[in-house]
Amino acid sequence: MADVARQEAIIAASVADLWSVLVDFEHYPTWARDLKQVEVLERDADGRGVEVLYRAAAMGRSTTYVLRYDYADAPRTLPWRLVRGDIMRRLDGAYTLEAVAGDPAKTDVVYVLEVDLVITLPGFVKHRAEHKIMHTALRELKTFAER
């Protein structure tokens, strides 16, 4: 059964600047330290990554997965769905970006992630791992975008 987790952060960067970072998949490994390799497998007519392959460090090993992105609500929301993965059945999520009222140089970022692993883990271990993944992702995004 999949678990859904949600985290939110205010980042001192505009929606446009954050969007640029989020869709620059090939550069994720420069700021997201658990990602070892990212390769865009398919692009849409506008050149945006639609299917993206990731190799990441996870639970003391390497994992590989492919995500499919949807640009229907760009640049407000960047949702994705798992196409395939070696240790997960589901790894679906989204970043939602909204300018902070009165300060367009700041963005409220909501990160939602739904995870279902192939292996069974105790609930507390799973929740701790989800929290770490999300917290790290938002913290690293914030650090990179605010430079």
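Which pattern does the protein follow, read along the sequence? Along the chain, the pattern is β-α-α-β-β-β-β-β-β-α. That gives three helices and seven strands, where helices (H or I, at least four residues) and strands (E, at least two) are DSSP runs numbered from the N terminus.

A quick note before the details. This is a predicted model, in which local features need pLDDT of at least 70 and side-chain atom pairs count only at pLDDT 80 or more, while totals for chains, interfaces and linings use all residues. Residues are numbered from 1 along each chain as its sequence is written, and side-chain values use heavy atoms, with hydrogens and water left out.

**The sheet**

The seven strands make an open sheet, and if you walk across it the order is β1-β7-β6-β5-β4-β3-β2, with antiparallel pairing. Two strands are called paired if DSSP finds at least two bridges between them. At the edges you'll find β1 (3–11) and β2 (35–43), each with a single partner strand, so one side of each has no neighbour in the sheet. From one strand to the next, the twist averages 20°. Angles here run from 0 to 180 degrees between N-to-C directions, with axes as lines fitted to C-alpha atoms, for helices over the stretch in contact.

Have a look at β6 (residues 88–100) and β7: the two pair in the antiparallel sense over 12 bridges. Tyr 95 has Tyr 111 in β7 as its bridge partner. As background, strands of a sheet pair through backbone hydrogen bonds, either parallel or antiparallel.

**The helix across the sheet**

Helix α1 lies across β1, β5, β6 and β7, and runs at about 155° to β6. Its buried residues are Val 15, Leu 18, Trp 19, Val 21 and Leu 22. Buried means under 20% relative accessible area, exposed means over 50%, and partly exposed is in between (1.4 Å probe, protein chains only). Seen down the axis of α1, the buried residues fall within an arc of 160°, so they line one face of the helix; the arc is that of the directions from the helix axis to the C-beta atoms. In general, an α-helix has 3.6 residues a turn, so residues three or four places apart point the same way.

For the protein as a whole, buried residues make up 41% of the 147 residues. Of the contacts with a separation of 6 or more, 48% come from residues 24 or more positions apart, a contact being heavy atoms within 4.5 Å.

**Aromatic rings**

Rings of Phe, Tyr and Trp (its six-membered ring) pair if their centres lie within 6.5 Å; planes under 30 degrees apart count as stacked, over 60 as edge-to-face and the rest as tilted. The count by this rule is 11 aromatic pairs. One of them is Phe 25 with Tyr 69, a tilted pair at 4.5 Å centre to centre and 40° between the planes. Phe 25 sits in the loop between α1 (15–22) and α2 (28–31) and Tyr 69 in strand β4 (residues 61–69), so this pair ties together parts 44 residues apart in sequence. Phe 25 is buried at a relative accessible area of 0%, and Tyr 69 is buried too, at 7%.

Trp 80 and Tyr 111 make another tilted pair, at 6.0 Å centre to centre and 45° between the planes. With Trp 80 in strand β5 (residues 77–85) and Tyr 111 in strand β7 (residues 103–117), the pair ties together parts 31 residues apart in sequence. Both residues, Trp 80 and Tyr 111, are buried. One aromatic cluster takes in these two pairs, its members including Phe 25, Tyr 69, Trp 80, Tyr 95, Tyr 111 and Phe 144.

**Salt bridges**

The structure holds 13 salt bridges, each a side-chain nitrogen of Lys or Arg within 4 Å of a carboxyl oxygen of Asp or Glu. Here are some of them.

| Acid | Base | N to O distance |
|---|---|---|
| Asp 44 | Arg 48 | 2.8 Å |
| Asp 46 | Arg 48 | 3.5 Å |
| Glu 98 | Arg 76 | 3.8 Å |

Glu 98 in strand β6 and Arg 76 in the loop between β4 and β5 are 22 residues apart, and their pair links distant parts of the chain. Glu 98 is partly exposed at 46% relative accessibility, as is Arg 76 at 40%. Salt bridges that share partners also join Arg 81, Arg 90, Asp 92 and Glu 114 into one network.

Over in the other two rows, Asp 44 is partly exposed at 22%, Arg 48 is partly exposed at 29%, and Asp 46 is exposed at 61%.
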